[in-house]
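Welcome! Take a moment to look over the chain, and then let us walk through a few of its details together.

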Amino acid sequence: ALCETPIIIKNAAFSGDSYVSHRIHKDIQHHDSLDTVLPMHVQLKVRTRATNGLIMLAAAQGTKGGHYMALFLQKGLLQFQFSCGLQTMLLSELETPVNTGHEITIRAELDFSRNYTHCNASLLVNDTLAMSGDQPTWLKLLPSRMHSPEAILNTWLHLGGAPQAPIGLIIELPPSQSGSGFTGCLHSLRINEETREIFGEALDGFGITECGSLACLSSPCRNGAACIKIETNEVDENGDKVEKWKCKCPTGYMGPTCEVSVCEDNPCQYGGTCVQFPGSGYLCLCPLGKHGHYCEHNLEVALPSFSGSVNGLSSFVAYTVPIPLEYSLELSFKILPQTMSQIALLAFLGQTGYHDEKSDHLAISFIQGYIMLTWNLGAGPRRIFTQKPIDFRLDAPRVPYEIKVGRIGRQAWLSVDGKFNITGRSPGSVSRMDVMPILYLGGHEIANFHTLPHDLPLHSGFQGCIYDVHLKAGQVTVPLQETRGVRGRGVGQCGTRECHRHACQHDGACLQHGATFTCICQEGWYGPLCAQPTNPCDSFNNKCSDDSTCVPLVNGYECDCPVGKTGKNCEEGKHIFDVSLTGRRSYLAVRWPYFYENSDKLGSKRSQMISYRNFTKKLMPPKPISSANQHFVMKLLNEVEKQRSFSPVPLKTYEEHHRVQFFFIEFQLRPLSERGLLLYFGTLNNNQDKKIGFVSLSLQGGVVEFRISGPNSHVTVVRSVRMLAIGEWHKIKMAQRGRWLTLWVEGSASSALAPTAEVLVEPDSLLYIGGLKDLSKLPHNAISGFPIPFRGCVRGLVVSGSRIVLNETNIMESRNIRDCDGTACGGDSCEAGGHCWLDEKLQPHCICPEYAKGNRCEYSETCKLIPCKNNGRCLRSGRCSCPNGWGGFYCEIALGKPTTPSFRGNSYLVLPPQRIPMKDKRKGPSLYIRPREALQISLNFSTIEPDGLLLWSEHDNTKFLGLGLEDGHLKLASNLLGSINDTVSAPSSGFIADGSWHTAKIIVDRGLLELQLDGEVVFSEKLALAESLMPSSTTTSTTPSPYRTRTRSSLALRRGKQPTITYENTFYLGK
């Protein structure tokens, strides 16, 4: 306590930020000549494993100049640099690394010539000259009368590093070395042939210890972990003892160097967010309605308590506002702040995405006791604030403060406890405020508020209670605590403490944060509740296999296994045939088959995707607020803005996406629980600014729920009409066709119409099954209730026609999955619908259908060997093209007559002309085609493909009529038209390849041709020919997929010209 015990260090250890300093020449003023104060000879022994660092700096400062020599490591090689005042020389001739841990002797010398015009520097390693050089000196510029000891002011030797300003001389070391200290051991110091104690005779120093393990000396352990030397008798190839070490990790960290946070494998339940937290390692920010160390318990919140921000994430509550707010609003609530020393966000109404200086919003801030209202209607922000802070005293009973704000048009007002009524008017002429109908209290869901306008990124989450919230618009008042759709994060119950007497064991300190708590353990105790004498997830404490992950529990730990590994410690290797998800942080992820380049799979043929550029707005950097008489609040915000680093978002960032307008996914499911996330792809909370939308499938109380959201954030929900039975296999199929969404469960379908016809998917997007790596990243509206992993079995996954076998090859990511029944037979074991069976040795075999063969039914038969049945036609591919009413590989299966035909790009129907029964006196009954002067054709269709042929009709090879789509708009073809190429487009029809049903009607009547769409005329023209069109047959057809383009032209020639018309892609027709 009184520093009375001397420290004796013989072999000095340097840790990268330590150093010692010696004077090279003592009492310079007492020397007789300049020759005695110029030479600098330094010898010492070095041992290190570091790659970079300053070993030695010997420098002299004179009246008119100075000289120095420096020795440092760069990538394990010695670098020798010196200067005698007029130039700098860097020598790096050694090509052998010296950071091997072996001891070497280094001697550096700097000598001057007799007349002081030149200097010579040399470096010897193990008594062998390694490098040397000479150069002119600054002393030759001085007159001879000044060549005296007084020309040198001081000479210093710094070992292992250097103080901030050791001398006035500017040392021209490389930037990578100027601030990098040495890590290793130094001893046996000699200066100018005089032995010095490297530590005991130093005049200055910092952070020096006795040399021990070189490995621990370099501080390899991170996040406050302790390095421990491991005693061993192993020797290397040189016979030297091998040094081994290990890191003793604090709670919340693991890995060889404690570099891994437990948050990387989120232990928080029900979508809780795991953040790194000082002292305890991590903290769970629970979703609204949950509390506990891992958010494992339910919590009814009547009076919300907010806990500020942790790592940029604030606590908040978000209310869905059921009333319009464009022209007027009144908002009132009560607050109980925990402290006055906060710049916090109380309430916010705004838009999605980035806000700039013209984005509409309304915000209420708590600025160290002052209340500020900011609103913007598009012409710039306006602020009003109280002139005095609220009367807050810790020693007085806590009394809530009631805040009321209001706005009508451009006018707004603010009052606190019915006092300090302040009003203001926003700039510009606009009186409407366009904001999302979501009111945030206490904070915001965006990290660091970085997308919020102006100075709000300088705010943090509010610390205190906010309650009795009422919102009024017009004559309607809504008590927001009673509205539905409330969500939040890190919010507890006001006045309720999570910390109790036994929350943390062994005298651990309990820290409450909203709806959760964490423990700061005493030295020697570990675990979430300080109940364990060792960190259970230390690499030398847990028994998890090398490729698994340790997850801490309240008592002990458990191991999360990668794909192909099972068992308590993930020690068993198992092949997977039918995937079983355990529900314990389990999930798996596969790639979308669309994105495989040069793929010839059906999925890539059937899926239309186009490049999409997502443009991100520029976030304007905050501008200082200045006025003639600045209020305290304005000065404070400007000062905070200067002190914080604020990086504006770049002007433009482009992300390549694919637009998915058509997909279908089918699989078989065997649930073992009634709730859980089944499937997900799209936006995650860590990239929600991209606004690309999502597709989600979940199980809610046995009901399958299909959710889809486009870039506009609107969510469409489809629920199954059948419930799933626990423990039984069910077949599920979900599809998007433009705006149409359909969900099939055991053949029963449910449908809905979405407002948009696309979901944007990133090229490297993964399809997640059974859960996510971190469920806190799931958008709040992607699932009903709290997100939890699915527990059960999955097999038979097909994505837009591409079969994806769920095995070690196709699974890109996974955690805690295993085989469903433990046998080698699975739903994906046999292809082509084959059946898997086990022999007496439990070896799998396949019974193949007649059109397949091979061990796994992987080879298809060909119709060239077995002919097609029922007038089917054998194609070059070896498959049969079946007539209407027949299906199967050989057209052997009778099909029911379709009520709504589906065209796949290589399909067509021939409709004969209408025949009228007649009775002939001589020949008897017959069918007669009655000629018509007027022709009317009407059809309903639905498609997402922008190009394709709908209808074609010809008569006597002289007259023709065709209807199709080009670029999503109707196009008409006929030799009756007056156009040059007998075609005409109808752009006024609008884009109709949106998946909705449309009705097209063609009318040819007495010289007039008219085209109608959905009951409205989109084209009309008088015909040049008076004769009408009388078709003998009408052909409804499409050409193959856009990946195999085929052109269709008229067979008739009129006046020597051939009308050309090209259509392609998939169409659906029906009534």
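A good place to begin is a pair of cysteines: Cys263 and Cys274 form a disulfide, with 2.0 Å between their sulfur atoms. Please keep in mind that this is a predicted model. The torsion about the S-S bond of Cys263 and Cys274 is about -65°, so this disulfide is left-handed. To find the two partners, look for Cys263 in the loop between strand E19 (260-261) and strand E20 (273-277), and for Cys274 in strand E20; the pair therefore ties together parts that are 11 residues apart in sequence. Are these two cysteines buried or exposed? Cys263 is buried, because its relative accessible area is 13%, under the 20% cut-off for that class. Cys274 counts as buried too, with 13% relative accessibility.

How many disulfides does a search of the whole structure find? The search finds 22. Another of them joins Cys216 and Cys227, whose sulfur atoms are 1.9 Å apart. With a torsion of about -75° about the S-S bond of Cys216 and Cys227, this disulfide is left-handed. Cys216 sits in helix H2 (residues 214-217) and Cys227 in strand E16 (residues 226-230), so the link ties together parts that are 11 residues apart in sequence. Cys216 is buried, at 18% relative accessible area, whereas Cys227 counts as partly exposed, at 26% relative accessibility.

Next, move to Cys84 and Cys119, which form a disulfide with their sulfur atoms 1.8 Å apart. Here the angle about the S-S bond is 110°, and the link of Cys84 and Cys119 is right-handed. Cys84 belongs to the loop between strand E6 (77-83) and strand E7 (88-91), while Cys119 is in strand E9 (residues 118-125), so this pair ties together parts that are 35 residues apart in sequence. Both Cys84 and Cys119 are buried.

Now let us turn from disulfides to the backbone. Arg585 has a phi near 55°, a positive value in a residue other than glycine. You will find Arg585 in the loop between strand E48 (579-581) and strand E49 (587-591). Arg585 is buried, because its relative accessible area is 16%.

Where does Glu746 lie? Glu746 is in the loop between strand E58 (740-745) and strand E59 (748-753). Its phi is positive, at about 55°, although Glu746 is not a glycine. With 33% relative accessibility, Glu746 counts as partly exposed.

Methods: Residues are numbered from 1 along each chain as its sequence is written. This is a predicted model: local features need pLDDT of at least 70, side-chain atom pairs count only at pLDDT 80 or more; totals for chains, interfaces and linings use all residues. Side-chain values use heavy atoms; hydrogens and water are left out. Helices (H or I, at least four residues) and strands (E, at least two) are DSSP runs, numbered from the N terminus. Buried means under 20% relative accessible area, exposed over 50%, partly exposed in between (1.4 Å probe, protein chains only). A disulfide is a pair of cysteine sulfur atoms within 2.5 Å.
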